[in-house]
Amino acid sequence: MGMAKGHFVLVHGEGHGAWCWFKLRWLLEGSGYRVTCIDLAGGGVDPTDPNTVGSFKQYDKPLIDLISTLPEGEKVILVGHGAGGLSVIHAMHEFVDRISQAFFVAATMLPFGFQTDEDKKDGLPTLPENEIELTLGEAADDPPSTVALRPEFQRDRLSQQSPEEESVLASMLMRPWPATAISTASFEGDDERLNRVKRIFIKTERDHMLDPEQQDSMIKKWPPSEVLVIDTDHSPFLSAPEQLFNLIVKSL
């Protein structure tokens, strides 16, 4: 019976890694689901130096490799958080027939990635310069290769409702993220093909990273099958894992 319940693939957002899903993974596996949590290039314990990740294709390769090696006929349920939504969209373009559902948890949901400045306004966090650390490119006019949230701002931006000890743990595990690779993510295709996959957006009402207004704009421009609302910070997998779990499984 458990094998028939489905296979979740959980995709982290900026600066995070597979580690951030530990509570949701435990809840899903305890209910009989199969769960895979991946590290994108330069995230979590992936050995890649994020400063060497120059393209979104390189950044997202672990997810694309995973789905490409699935047994014939197997479908997965994708869950993306933050910039992980771009990875979910990328996978939908590449493997639309291998994805049964896609969940966007306060995640970037743009059908073709960043095509315009308006897309970036909707889908990228707006962070003041004093809250971030930049690693600049090799040439003077190069954009920054990575961005990191300064430790003293991480809790307020990401997890202000989470237990404080978990915010401390997250701060020990967070890594800089390949900003240029993420901000240049763009995909070709047609949205009719993408709409073959059921999409569910989970909006986080108290989000200080991806503002609720930004989430609303993406929802309005590309309406998903369903919009669910959770009264949490940007990281409900830490602050309200049971609520997040219940929202997800009830939408299957």
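**Notebook: charges, overall form and one strand pair**

I began with the charges and counted 23 positive and 39 negative side chains in the protein chain, with the centres of the two sets lying 6 Å apart. I note here that I am working from a predicted model.

Next I looked up the secondary structure, and I found that the protein chain comes to 12 helices and 8 strands. I then checked the radius of gyration, which is 17 Å and close to the 18 Å that the globule rule gives for 252 residues, so the protein chain is as compact as a globular protein of that length. For the extent of the C-alpha trace along its principal axes, I noted spans of about 55 × 40 × 35 Å.

I turned to burial and contacts after that. Of the 252 residues in the protein chain, 55% count as buried, and the area that the chain exposes is about 11,400 Å², with 51% of it supplied by carbon and sulfur atoms. Among contacts with a separation of 6 or more, I found that 73% join residues that are 24 or more positions apart.

Last, I went to a single strand, β6, which runs over residues 146-149. Which residues cover its two faces? I found T146 and A148 on one side and V147 and L149 on the other, and I noted that all of these are buried. I also looked for a partner of this strand, and strand β5, residues 132-135, pairs with β6 in the antiparallel sense over 4 bridges. Within this part of the structure, I recorded that L134 stands opposite V147 in β6, and V147 is one of the buried residues that I had listed above.

How values were computed
Residues are numbered from 1 along each chain as its sequence is written. This is a predicted model: local features need pLDDT of at least 70, side-chain atom pairs count only at pLDDT 80 or more; totals for chains, interfaces and linings use all residues. Side-chain values use heavy atoms; hydrogens and water are left out. The radius of gyration is taken over C-alpha atoms; the globule rule is 2.2 Å times the number of residues to the power 0.38. Buried means under 20% relative accessible area, exposed over 50%, partly exposed in between (1.4 Å probe, protein chains only). Contact means heavy atoms within 4.5 Å. Accessible areas come from the Shrake-Rupley method with a 1.4 Å probe; for residues, only the protein chains shown count as cover. Lys and Arg count as positive and Asp and Glu as negative; His and the chain ends are not counted. The place of a charge is taken as NZ of Lys, CZ of Arg, CG of Asp or CD of Glu. Two strands pair if DSSP finds at least two bridges between them.
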